[in-house]
Amino acid sequence: MSELTGRAVISDDWTLLQMDRVEAMLRTTYWGADLPRSVMEEAAAHSLCFGVYLDGRQVGYARAVTDYTTVYYLCDLVIDTAYRGQGLGKALVAYITSGDGFDRMQGLLDTRDAHGLYAAFGFRPDAELMMKHRERPLGDG
């Protein structure tokens, strides 16, 4: 757990996740707007999840899919729209990329926006190496 200020913390403690808040935040994104809640929950259950908490209320979320040794895929990083512009997204990326051995692993992500945020932490576009098998189908199946 990392304390950002006297009232904001970042944690990967699964028991602190507030899935209603996670769902609400993901609904504001281009990738999670139509994703069924059951898919969000199952994805979280199979990932290392991070939350940003302000006075006990979850205002940020991210997941890392990883083998804990060589590589991680950073996804679903979102800050509640009411709390953006306060450095919480930067703090969350810094927390993830610098801790728990993640600083020694290769990090991957797929995003249409926020390139400047991720570039500040060493991520760079690499269209020549990234390949996708197929787009993710929406739904429970």
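Let's start with how far to trust this one: it's a predicted model, and the protein chain averages a pLDDT of 87, with 86% of its residues at 70 or more. That confidence isn't spread evenly. Strand β1, residues 2–3, sits at the bottom with a mean of 60, while helix α1 comes out on top at 98.

So much for the scores; now for a spot inside that top-scoring helix. Methionine 19 belongs to α1, which covers residues 19–26. Is methionine 19 buried or exposed? Its relative accessibility is 15%, and because the cut-off for buried is under 20%, methionine 19 counts as buried. Who is it touching, then? Once you set aside neighbours within four places in sequence, methionine 19 is in contact with Arg37, Met40, Glu41 and Ala44. Take the last of those, alanine 44: it is 25 residues away from methionine 19 along the chain, and the two C-alpha atoms are 9.3 Å apart.

Next, hop over to a strand. Cysteine 75 is part of β5, which runs over residues 71–79. With a relative accessible area of 11%, cysteine 75 is buried too, since that value falls under the 20% cut-off. Which residues does cysteine 75 touch, not counting those up to four places away in sequence? The answer is Ala62, Arg63 and Val65. If you'd like a longer-range reference point, try threonine 111: 36 residues separate it from cysteine 75 along the chain, and their C-alpha atoms are 8.6 Å apart.

Definitions and conventions. Residues are numbered from 1 along each chain as its sequence is written. This is a predicted model: local features need pLDDT of at least 70, side-chain atom pairs count only at pLDDT 80 or more; totals for chains, interfaces and linings use all residues. Side-chain values use heavy atoms; hydrogens and water are left out. Helices (H or I, at least four residues) and strands (E, at least two) are DSSP runs, numbered from the N terminus. Buried means under 20% relative accessible area, exposed over 50%, partly exposed in between (1.4 Å probe, protein chains only). Contact means heavy atoms within 4.5 Å. pLDDT is the predictor's confidence in each residue, from 0 to 100.
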